[in-house]
Amino acid sequence: MPRAFAAGRGERRRPGLAGPLWLAQLALLALVLVWVVAELVPAAHLRDALLLQHFVALEDSRISGLTNVLPRLLNPLLFTLWGVALVLVALARHRPRLAFALVLVLALAPLTAEILKPLLAHPHVRIGYTQIGASSYPSGHSTAAAILAISAVLVAPRGARPLVAVFACAFALAVGAGLLIHAWHMPSDVLGGYLVALFWSALAVAGVRASERRWPRRRTAH
């Protein structure tokens, strides 16, 4: 029996690092590009404000009540509780490395958004009575919603991931819509928050995979 074939039967091929690392680089590049366009391109300023006005026009619609509640579910205390629950799920599924990675990204992603806001502050176009403050990119709420959504997908069992991904994506998008309907952020801010979460999540996946390659788990004999 060929050595490569025997090794393949004895050990499952581990996922590579190239995919998540490439995704992290792409998210970082997109984060920078969105900010550059939103700040330096006058037409983008106007488009951003016009799109916000389309969402603000929905404030008196039936979906306004729901979209008003969802962002409030991400206050620091509740966000911490959701995060602890996800970490406990990872530990219950005997995935301590993933649990450790989640602890890091659930702290670092929102912290990154808060650090970047004053550093990337820029004035926004005002249309009507809607005015968003300069220190708004990226949105901390959309970052929190997206990092929770992605973390939920990561801790879910493989068979349940597609369904969890659908609900998680719907949650993150609904939070983003709520931020716009109630004029908490510009559309570019919400997109930036999603990109911050994607960046840290991709790095977390790469870190977990790297640790599994460097220190593979020992299989217990039966």
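# A tour that starts at a buried aspartate

Select D189 to begin: this residue is buried yet has no salt bridge, and the nearest side chain of opposite charge, K117, sits 8.1 Å away. Keep in mind as you click around that this is a predicted model.

**Around D189.** With D189 still selected, note that it belongs to helix α9. What does the side chain of D189 reach? Draw a distance to the backbone nitrogen of M186 and you should get 2.9 Å. Now show the surroundings. Setting aside neighbours within four places in sequence, D189 is in contact with H124, I132, S136, Y137, P138, S139 and S142.

**Over to K117.** Next, pick the lysine that came up at the start. Side chains of opposite charge can pair when their charged atoms come close. So which residue does K117 form a salt bridge with? Select E114: the closest N and O atoms of this pair are 3.4 Å apart. Both residues are in helix α6, and because they are 3 residues apart there, about one helical turn separates them. Turn on the surface and compare the two. K117 is buried, with a relative accessible area of 14%, while E114 is partly exposed at 44%. If you go hunting for other salt bridges, the count comes to 1.

**I132, a loop residue.** Go back to the contacts of D189 and choose I132. You'll find I132 in the loop between α6 and α7. Is it buried or exposed? I132 is buried, with a relative accessible area of 6%. Show what I132 touches, leaving out residues up to four places away in sequence: L52, H124, A183, W184, H185, M186 and D189. M186 deserves a second click, as it also supplies the backbone nitrogen reached by the side chain of D189. I132 and M186 are 54 residues apart in sequence, but C-alpha to C-alpha they are 7.0 Å apart in space.

**Into the core.** Time to look at the largest nonpolar core, which has 49 residues. Select L74, F79, L102, L106 and I147, the members with the most contacts inside it. Then colour the helices that each supply at least two residues of this core: α2 (18-40), α3 (42-56), α5 (76-92), α6 (96-119), α7 (140-155), α8 (161-181) and α9 (187-214). Which helix gives the most? That's α9, with 10 residues.

Zoom in on F79. Not counting residues up to four places away in sequence, F79 touches L73, L74, L106, P110, A144, I147 and L148. From I147 in that group, step across to S201, since S201 is in contact with I147 and I150 once its neighbours within four places are left aside. S201 is found in helix α9 and counts as buried, at 5% relative accessibility.

**Zoom out.** Show the full chain as a cartoon. How many helices and strands are there? You should see 9 helices and 0 strands. Of the 222 residues, 39% are buried. Among contacts with a separation of 6 or more, 77% are between residues 24 or more positions apart.

**Last stop: confidence.** Colour by pLDDT. The protein averages 87, and 88% of the residues score at least 70. Helix α7 has the highest confidence, at 96, whereas helix α1 (residues 3-10) has the lowest, at a mean of 44. Finish by selecting residues 3-11, where pLDDT stays under 50 and the model has 2 contacts beyond four places in sequence.

Terms used:
Residues are numbered from 1 along each chain as its sequence is written. This is a predicted model: local features need pLDDT of at least 70, side-chain atom pairs count only at pLDDT 80 or more; totals for chains, interfaces and linings use all residues. Side-chain values use heavy atoms; hydrogens and water are left out. A nonpolar core is a set of buried Ala, Val, Leu, Ile, Met, Phe, Trp, Tyr and Cys residues joined through side-chain atoms within 4.5 Å. Buried means under 20% relative accessible area, exposed over 50%, partly exposed in between (1.4 Å probe, protein chains only). Helices (H or I, at least four residues) and strands (E, at least two) are DSSP runs, numbered from the N terminus. Contact means heavy atoms within 4.5 Å. Lys and Arg count as positive and Asp and Glu as negative; His and the chain ends are not counted. A salt bridge is a side-chain nitrogen of Lys or Arg within 4 Å of a carboxyl oxygen of Asp or Glu. A polar contact is a pair of N or O atoms within 3.5 Å; within protein, one must be able to donate a hydrogen and the other to accept it, and residues adjacent in sequence count only if both atoms are side-chain atoms. pLDDT is the predictor's confidence in each residue, from 0 to 100.
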